[in-house]
Amino acid sequence: MLKDKHITIGVTGGIAIYKILSLVSRLVKEGADVHVVMTENAQKFVSPLLFETLSKNRVITDTFNREDPKEVDHISLAKLSDLVLVAPATANIIAKAANGIADDFLSTMLLAVTSKKAFAPAMNTNMLNAPPTQRNIETLKKDGAYIIDSATGMLACGDVGSGRLPEPEELYEHVLYLLSEKDLEGKKVLVTAGPTVEMIDDVRYLTNRSTGKMGYAIARAAALRGADVTLISGPTSLGTPMYVNRVDVKSASDMYEACVKAFPGTDITIKAAAVADYTPAEYREGKIKKAGDMDLQLVRTKDVLKELGSMKKEGQVLIGFAAEASDIEHNALGKLEKKNLDAIAANDISRSDAGFGTDTNEVTMYFRDGEKKILDKAGKFEIANRLLDEALRILA
Ligand code: CTP
């Protein structure tokens with residue numbers, strides 16, 4: 001997503017500067033062309049050489065130090081950039097940008113930027129909450145800038161409160177969001193993920209090997225592409241992707257209730273959850289005491305996807321997953337038909353590099369019109385984006 005994107009990071013003088021080193025390194029690894037502009041105060045914390053080495057571009061520190069006399073740097077860099085992110089953004093740069101003050105390279109360039117502008121405020125809580133800073137942030141928002149909310153926690157000054165610069169991974173997500181094509185804007189996307197947990201007593205339960213990675217990757221990709229995303233998730237250890245509305249469920253029966261409630265009005269539904277097919281016939285409170293061998297009676301759960309298939313209206317796209325160890329095509333096509341799906345993504349769970357718990361996946365998609373497409377092995381985020389491309393194609 002970041003190939004051929006030109007990103008300029010405006011670094012101002014804040015202790016959180018060290019987080020920007022990781023951010024720049026990550027952006028470069030993901031294929032972006034990154035330029036760093038440092039204010040005079042920023043250079044007191046970190047040497048430009050460090051950013052220069054990481055970004056592989058000359059770091060700009062001064063308006064008048066021009067190597068190419070034909071180019072006016074602050075204008076050419078403003079024109080080149082798809083995004084200018086000021087991070088950490090001190091109260092001073094926020095005040096200058098909000099009021100059009102142009103007294104150094106960064107503030108001058110910010111006036112010339114017509115593409116996207118973002119600010120990640122980082123400062124002491126009292127400075128952040130001070131009326132002038134809040135007024136300036138509001139002004140920047142009104143002028144169309146994107147403000148990355150600061151995090152809460154221990155600050156460099158020892159105070160605890162808001163004003164922390166978010167971690168590099170979170171800043172990276174904001175950059176991705178700002179630069180992603182919003183082709184799912186206005187679309188409601190429902191995704192399910194993770195395993196379900198069926199309680200036997202208060203201590204034991206039945207579950208399966210799903211980690212939720214595939215479903216979370218789909219929810220993340222859909223949100224980055226501008227969709228209004230609801231993620232119904234069984235218990236996982238994963239963090240909620242940015243701008244995703246997550247609904248936590250535990251059992252297959254909870255998953256059924258939540259999905260049936262959320263499904264009407266959705267444009268695209270992708271069911272990546274591994275829902276238990278059986279649940280204990282009775283749940284026993286407390287802890288069952290051992291006494292010889294034990295028979296555990298299981299009863300069938302409701303098939304959530306099949307129910308959604310029967311509720312599906314014209315204009316709704318419904319995609320399921322099929323976890324198969326053998327006869328993949330035959331089984332997947334059977335599920336496509338039986339559950340009234342538009343497409344099914346089949347996983348070969350006998351492979352060690354696809355399916356449960358892995359970071360990569362390879363799926364074969366079968367469509368209602370008989371078409372078949374192999375989504376070649378790739379990271380789950382990449383596979384998620386290709387699945388969403390297919391969902392959009394069906395929707396169209
Ligand atoms: N699914 C569901 N509710 C269930 C079981 C499965 O919604 N009770 C959904 C899964 O989320 C997945 C699809 O149905 O999108 C296929 O799941 P899978 O486990 O591959 O197949 P099953 O239908 O459960 O059939 P089997 O276990 O016999 O292969």
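How much space lies in the largest cavity? About 40 Å³, and we will get there at the second stop.

Before you click, note that this is a predicted model, where local features need pLDDT of at least 70, side-chain atom pairs count only at pLDDT 80 or more, and totals for chains, interfaces and linings use all residues. Residues are numbered from 1 along each chain as its sequence is written, and side-chain values use heavy atoms, leaving out hydrogens and water.

**Stop 1: the ligand**

Select the ligand and the residues with a heavy atom within 4 Å of it. You should find 16 residues, with Lys271, Ala273, Leu305, Lys335 and Lys339 the closest. By class, eight are nonpolar, two polar and six charged; here Ala, Val, Leu, Ile, Met, Phe, Trp, Tyr, Cys and Pro count as nonpolar, Asp, Glu, Lys and Arg as charged, and the others, Gly among them, as polar.

Now show the backbone. A polar backbone atom of Ala273 is 2.7 Å from an oxygen atom of the ligand, and one of Leu305 is 2.8 Å from a ligand oxygen. At Val304, a backbone N or O atom lies 3.0 Å from a ligand nitrogen.

Next, color strand 16 (317-324) and helix 12 (304-311), the elements that give two or more residues to this shell. Strand 16 gives the most, with four residues.

**Stop 2: the largest cavity**

A cavity is a set of points, on a 1 Å grid over the protein atoms alone, where a 1.4 Å probe fits but cannot get out; lining residues have an atom within 4 Å of a point. Select Glu173, Tyr177, Arg220, Ala223, Leu224, Pro241, Met242 and Tyr243 to see the lining. Six of these residues are nonpolar, none polar and two charged. Finish on helix 10 (213-224), which gives the most to the lining, with three residues.

Terms used. Polar contact = N/O pair within 3.5 Å; in protein donor to acceptor, adjacent residues only side chain to side chain. 1 Å grid on protein atoms, 1.4 Å probe; cavity = no way out; pocket = protein on both sides within 12 Å on 5 of 7 lines; lining within 4 Å. Points joined across faces, edges and corners; volume = space filled by probe spheres on them.
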